[in-house]
Amino acid sequence: MGSCKAPHLLDFFPVASSSVPAIPRAVVPSAPLFLNSARCPLLSWQRLRWQQGRVRRRQQQQLFQMPLPLPPPRATYAPDELPVDEEFLTKFAPKENESEEEARRRNWVERGWAPWEEILTPEGDFARKSLNEGEEVPLQSPEAIEAFKMLSPAYRRSKGLDGDAYTQWQIDSQMAKNPPDPQEPTLWDGPLALRMVPPRDWPPRGWTVDKDELAFIREAHKLECDRVDLESEVRTDVDSASLERYKVFMKQYTEWAVANRDRLEDEAYELDQDYFSGRRKRGKDYKDDMLELPFFYPGQICVGKVTTLHLQQGAFVDVGCVHDGWVPIKGNDWYWIRHHIKVGMQVIVEILAKRDPYRFRFPLEMRFVDPNIDHLIFNRFEFPPIFHREEDKNPEELWRDAGRPPIPRKNPGYKIEEQALLSNHPYVDKLWQLHVSEQMILDDEEKNPDKYKDKEFLESFFNAPYDEEHSIEHTEVYYKKSWLPKTILKTNVRELDLDAARAERQLNNRLKNEARERGEEYKSPKTRRMIEMDEYDFLHWRRSLEEREALIRDISVRRALDMPLEEPGRYLDDSVLGKDRYDPTSPLYRYDYWGEPKNSEKSKQVRMTEDHNRSIVGKGNVWYDMPYEEAIKQQTRGEGSSRRDALRENTEQGAEEEEEEDDDDDGLDFDYEILGDSSSVSAAGKPFVNGTESPGVSDEGMFED
């Protein structure tokens with residue numbers, strides 16, 4: 001039923017006149033005037049005015065019979081004001097007992113996240129604290145005044161703080177303001193063994209050096225293979241430092257650097273278009289005394305300066321190389337080491353790995369030796385970041401080169417060594433296309449010899465343009481009242497050998513005529529192209545056989561050495577690969593997937609089946625017993641005989657005899673129980689079609705037949 005909201009009485013009271021005293025608000029009833037919407041959904045203005053007068057007269061009588069005392073005046077508030085509850089404020093108001101800096105630090109510790117954006121330089125800290133809603137605040141503390149003066153290069157020069165000295169002053173001031181926690185002594189906290197040893201992977205790939213000099217250089221590794229006792233007396237002599245061998249290595253390294261410097265710089269400009277920390281220095285950032293990657297090796301101790309601190313990547317240290325060294329740090333580890341590492345700080349690092357700069361984003365991976373904070377870094381990178389180049393077509397090869405585990409896939413369920421050998425060379429399809437083209441041209445030449453005697457036609461035929469990109473065309477052809485797919489392969493005429501094919505056909509025709517004269521049956525031999533295709537297939541078969549033999553030998557060796565037959569992690573169990581696992585080949589996981597189109601054949605069939613099920617009126621089991629195809633067959637038959645037979649069978653099975661129905665209703669197997677109360681039918685009794693609940697039965701179109 002619709003509702004008719006009654007207007008409030010105060011909305012219809014006229015302004016108080018001089019004859020009738022004004023009625024106070026306390027006397028006016030606050031209850032609205034309710035109307036019976038069932039009897040009077042629309043109220044006329046005359047009836048409403050009569051009710052107003054009736055209420056006004058009743059209130060005037062009450063007012064003159066017993067005067068009521070007026071209530072004390074209440075405090076009025078503006079529309080945008082509300083009364084303040086002092087008791088509420090005393091209980092729930094924020095208590096400002098701690099300073100902003102203390103609250104910020106407590107928030108860092110409780111939430112466990114690193115305050116990297118709050119680590120400011122003295123200039124940034126001064127700029128943040130000297131702004132109050134856009135208004136300048138006069139400097140108060142001596143530190144703020146000194147930091148402001150340090151912004152001037154002239155003042156820094158007068159203090160003798162230029163370049164690295166000014167950076168060190170910034171670090172010292174920050175350390176004095178936020179002193180770091182004392183470092184705990186660890187296993188790595190002790191004297192370092194520094195050696196002048198050439199790298200073991202010298203020379204680089206593709207660079208040849210003198211064999212005698214290389215053998216002389218590599219003797220340094222044999223001389224320095226003894227362990228160093230860090231607890232004994234520290235040696236400072238250079239007698240066993242192999243300086244002569246190191247000088248020979250530096251001579252060869254200098255020759256390589258001079259010869260390959262321009263090439264490496266050109267490759268850096270070609271490959272590394274975007275700027276990122278750790279890429280090769282070039283342009284104005286490049287210095288002549290910088291060292292290339294072949295100079296460094298894992299285990300080398302270097303002294304450098306911190307250049308960049310990145311939240312999700314780590315710290316980058318300049319050790320004099322064309323690539324900055326990478327110390328992997330990420331996540332909440334910055335909270336523990338933020339006071340120990342500053343930009344511009346002098347540090348001592350150890351090289352952990354040297355990688356290919358073409359594949360890996362950061363070629364030099366390092367760890368901190370001084371300050372000794374390596375034990376405070378917990379969130380390690382599982383794999384170093386890599387580049388994805390356009391030439392990377394095989395993800396398996398990319399993952400293998402990057403040292404990552406293989407991409408897991410489903411076990412095929414068969415053994416590769418037991419599969420049949422392959423003999424289908426991919427070039428055979430091209431040879432077959434050339435063979436068919438040559439035979440088609442020769443057939444047309446035999447039918448129309450005059451056309452191929454025209455020089456203009458031959459010149460235009462052999463000089464016709466060929467577009468390799470559009471050499472394959474997919475169309476349809478109408479054949480026997482249906483459209484069949486048709487593929488047109490366009491062949492380059494310059495690839496055909498028409499002279500050899502013509503000579504071969506002339507020879508076969510001559511041999512065929514000679515056999516016919518002798519009364520013998522002539523059997524055409526294999527053509528030149530067919531023999532070539534067989535050779536390619538045999539070559540492919542031999543290659544497949546060699547691969548199987550090599551695989552069987554590998555399996556035998558692995559079994560003899562008790563090694564796994566398959567690469568660990570290559571295949572997963574069927575239980576792991578469930579229905580909801582990500583499948584990049586499925587359109588369900590495409591970013592623009594909006595479901596199957598409605599005009600697809602599958603959804604069309606489902607819609608037709610649902611329409612058929614809705615048209616059936618009867619018991620629920622009919623929805624299962626009568627499929628869509630059976631219903632179509634039943635419609636094609638005559639209606640009278642089939643429906644009478646079905647009705648006769650139903651009457652014989654029943655225990656009681658039913659009355660004969662009229663001719664108009666003959667053949668309708670209708671259950672009148674479904675027209676009863678819908679509440680009596682439980683929801684669990686509804687039939688399900690294809691796993692979903694069937695739509696309810698409607699009486700629309702029930703007796704149309």
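Here are some questions and answers about how the words used for this predicted model follow from its values.

Q: What makes Ser 437 count as buried?
A: Buried means under 20% relative accessible area. Ser 437 has 14% relative accessibility, so it counts as buried. You will find Ser 437 in helix α12, which covers residues 428-447.

Q: Which residues is Ser 437 in contact with, leaving aside its neighbours within four places in sequence?
A: Ser 437 is in contact with Thr 491 and Leu 496. A contact here needs heavy atoms within 4.5 Å. As for the stretch of residues 486-518, an unreviewed UniProt entry annotates it as "coiled-coil region". In the model, that span is 64% helix and 12% strand, and its end C-alpha atoms lie 44 Å apart.

Q: Why is α8 called oblique to α9?
A: Let's start with the angle. Helix α8 (residues 211-223) and helix α9 (residues 243-271) pack at about 135 degrees, with axes 9 Å apart. Angles under 35 degrees count as roughly parallel, over 145 as roughly antiparallel and 65 to 115 as roughly perpendicular, with the rest oblique. An angle of about 135 degrees fits none of the three named ranges, so α8 is oblique to α9. The crossing of the two helices is left-handed.

Q: Which residues of α8 and α9 make the contact, and how do they divide by class?
A: From α8 come Glu 213, Leu 214, Phe 216, Ile 217, Glu 219, Ala 220 and Leu 223. From α9 come Glu 244, Arg 245, Val 248, Phe 249, Lys 251 and Gln 252. By class, this contact has seven nonpolar, one polar and five charged residues.

Q: What makes α12 roughly antiparallel to α15?
A: Helix α12 and helix α15 (residues 528-560) pack at an angle of about 175 degrees, and their axes are 10 Å apart. The cut-off for roughly antiparallel is over 145 degrees. The angle of about 175 degrees passes that cut-off, so α12 is roughly antiparallel to α15. Among the residues that meet here are Trp 432 and His 435 in α12 and Met 533 and Tyr 536 in α15.

Q: How do you know whether Asp 324 is buried or exposed?
A: Compare its value with the cut-off for buried, which is under 20%. Asp 324 has a relative accessible area of 12%, so it is buried. Asp 324 lies in the loop between β4 (314-318) and β5 (325-328). Not counting residues up to four places away in sequence, Asp 324 touches Gly 278, Lys 281, Thr 307, Phe 316, Val 317 and Asp 318.

Q: Why is Lys 481 called exposed or buried?
A: Exposed means over 50% relative accessible area. Lys 481 has 76%, so it is exposed. Its place is the loop between β9 (472-478) and β10 (483-489).

Q: What makes the phi of Lys 481 worth pointing out?
A: Most residues other than glycine have a negative phi. Lys 481 is not a glycine, yet it has a positive phi of about 60 degrees. Asp 562 is not a glycine either, and has a positive phi of about 55 degrees. With a relative accessible area of 70%, Asp 562 is exposed.

Q: Where is the peptide bond with omega near 5 degrees that involves Trp 202?
A: This bond runs from Trp 202 to Pro 203, and it is cis. Pro 203 lies in the loop between α7 (164-177) and α8. A cis peptide bond also joins Asp 370 and Pro 371, with omega about 5 degrees.

Methods: Residues numbered from 1 in each chain as written. Predicted model: local features only at pLDDT ≥ 70, side-chain atom pairs only at ≥ 80, totals over all residues. Heavy atoms only, no water. Helix = DSSP H or I, 4+ residues; strand = E, 2+ residues; numbered from the N terminus. Buried < 20%, exposed > 50% of the residue type's maximum accessible area, 1.4 Å probe, protein only. UniProt positions renumbered as here; feature names shortened; annotations may be inferred. Axes fitted to C-alpha atoms, helices over the stretch in contact; angles between N-to-C directions. Left-handed = near helix turned anticlockwise from the far one by under 90°. Nonpolar A, V, L, I, M, F, W, Y, C, P; charged D, E, K, R; others polar.
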